[in-house]
Amino acid sequence: MPENTPWVSAPNPVLYSPANIQRYRSLVVDKSHRYAWRLDNDQLQDLYLKNVSDRHLEIGPADLHFLHHTPAPAMAHGWHVHVLDINQAPLEEAKTKLAGRAQVDTHEHDILVAPWPLADQSVDSLACGNVLHCLPGARFRAKAAVFDEMARVLTEDGVAWGYTLLGAHDPAISPNPLARLLMRSYNKAENTFHNTGDRYADLERELHLRFAQVELSVMGCAAVWVVRGPVR
Ligand SMILES: C[S@@+](CC[C@H](N)C(=O)[O-])C[C@H]1O[C@@H](n2cnc3c(N)ncnc32)[C@H](O)[C@@H]1O
């Protein structure tokens, strides 16, 4: 599809149903990460342990796995967590898991649509794991609203991190046969993956355009980033 084709994102309540959210850990975090995408869950958890702040934004939580396994950085009345998702079930799951641990604001919103319902410079930390490869768009350039909004809502001293599966033909990764098979079928399935054109080099460029400090690396089939210093 040409790059200027309008891509429209839409909720997928069948894929992200309450029942599938309960299966997410076993199917995705435990099995797909290990056997297909080759992601190290301990390293992903470390990103949260090192960086979660008392004003945190979680984008696209699914079952909220990593945030759920992160100690609260403050007492329940002092830990403010915003959760942003286009699907209802992940927002409900986040409310349940964070009940009694944090003050939670959920926002049912498509992250490709700016502005997000958060004020400028309103969060000190922000996580966006395994979400960009779900977003329609021929390349990372078409997903740029997400990078713009991350930079807008993050404070000067804040930190943002995330990871996303790169397209199977990106020279930066070497997917195994299972990963190639899954990428092909998830990109064919309606409203599931859209990462065929996602390239490490393009992601690097988009991040450098908006953040003064960019740490980007490859982990299995994913690019993992930690960024600071939003450029205004
Ligand atoms: C694959 S799950 C990622 C779960 C988790 N963050 C992780 O690290 O594994 C993708 C999440 O992004 C959400 N999502 C997908 N498209 C979205 C969009 N356009 N706007 C907001 N959220 C979206 C889904 O509802 C789901 O919660």
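Me: Helices (H or I, at least four residues) and strands (E, at least two) are DSSP runs, numbered from the N terminus. Where is Arg 152 placed?

Reply: Arg 152 sits in helix H5, residues 144-153. This is a predicted model: local features need pLDDT of at least 70, side-chain atom pairs need pLDDT 80 or more, and totals for chains, interfaces and linings use all residues. Residues are numbered from 1 along each chain as its sequence is written, and side-chain values use heavy atoms, with hydrogens and water left out.

Me: Why is Arg 152 counted as buried?

Reply: Look at the cut-offs. Buried means under 20% relative accessible area, exposed means over 50%, and partly exposed is in between (1.4 Å probe, protein chains only). Arg 152 has 19% relative accessibility, so it counts as buried.

Me: What makes the pair of Arg 152 and Leu 118 a polar contact?

Reply: A polar contact is a pair of N or O atoms within 3.5 Å. Within protein, one atom must be able to donate a hydrogen and the other to accept it. Residues adjacent in sequence count only if both atoms are side-chain atoms. Here a polar atom of the Arg 152 side chain lies 3.0 Å from the backbone oxygen of Leu 118.

Me: Which residues does Arg 152 touch, leaving out those up to four places away in sequence?

Reply: Contact means heavy atoms within 4.5 Å. Arg 152 touches Pro 115, Trp 116, Leu 118, Ala 119, Asp 120, Gln 121 and Arg 232.

Me: How do you know that H5 is mostly covered?

Reply: Count its residues. In H5, 8 of its 10 residues are buried. They are Ala 144, Val 146, Phe 147, Glu 149, Met 150, Ala 151, Arg 152 and Val 153. What they pack against includes strand S1 (55-59), strand S4 (123-129) and helix H7 (200-210).

Me: What is special about the peptide bond from Ala 114 to Pro 115?

Reply: That bond is cis, with omega near 0°. Pro 115 is in the loop between strand S3 (103-108) and S4.

Me: Gln 121 is in the loop between S3 and S4. Why is Gln 121 called partly exposed?

Reply: Its relative accessible area is 35%, which falls between the two cut-offs, so Gln 121 is partly exposed. Its phi is near 45°, a positive value in a residue other than glycine.

Me: What is phi of Leu 64, and why is this residue called buried?

Reply: Phi of Leu 64 is near 65°, again positive in a residue other than glycine. The relative accessible area of Leu 64 is 1%, under the 20% limit, so this residue is buried. Leu 64 lies in the loop between S1 and H3.

Me: Why is His 77 called exposed?

Reply: His 77 has a relative accessible area of 62%, over the 50% cut-off, so the name fits. His 77 is in the loop between helix H3 (65-68) and strand S2 (80-85).

Me: How are two packed helices described?

Reply: By the angle between their axes and the distance between the axes. Axes are lines fitted to C-alpha atoms, for helices over the stretch in contact, and angles run from 0 to 180 degrees between N-to-C directions. Helix H1 (residues 18-36) and helix H4 (residues 88-98) pack at about 65°, with axes 9 Å apart. Pro 18, Ile 21 and Gln 22 of H1 meet Ala 89, Pro 90 and Glu 93 of H4.

Me: Why is Glu 93 called buried?

Reply: Glu 93 has a relative accessible area of 12%, under 20%, so it is buried. Leaving aside neighbours within four places in sequence, Glu 93 is in contact with Ile 21, Gln 22, Ala 62 and Asp 63.

Me: How do you know that Asp 198 is buried?

Reply: Its relative accessible area is 0%, so Asp 198 is under the 20% limit. Asp 198 lies in the loop between helix H6 (177-188) and H7. Among the residues that Asp 198 touches are Leu 132, His 133, Arg 139 and Lys 143.

Me: Which residues come nearest to the ligand?

Reply: A residue is near a molecule or strand if one of its heavy atoms lies within 4 Å of it. Of the 19 residues around the ligand, Gly 60, Asp 85, Asn 87, Gly 129 and Tyr 163 come nearest.

Me: What makes the pair of Ala 62 and the ligand a polar contact?

Reply: A backbone N or O atom of Ala 62 lies 2.9 Å from a ligand oxygen, within the 3.5 Å limit. A polar backbone atom of Ile 86 is 3.2 Å from a nitrogen atom of the ligand. An N or O atom in the side chain of Asn 130 is 3.2 Å from an oxygen atom of the ligand.
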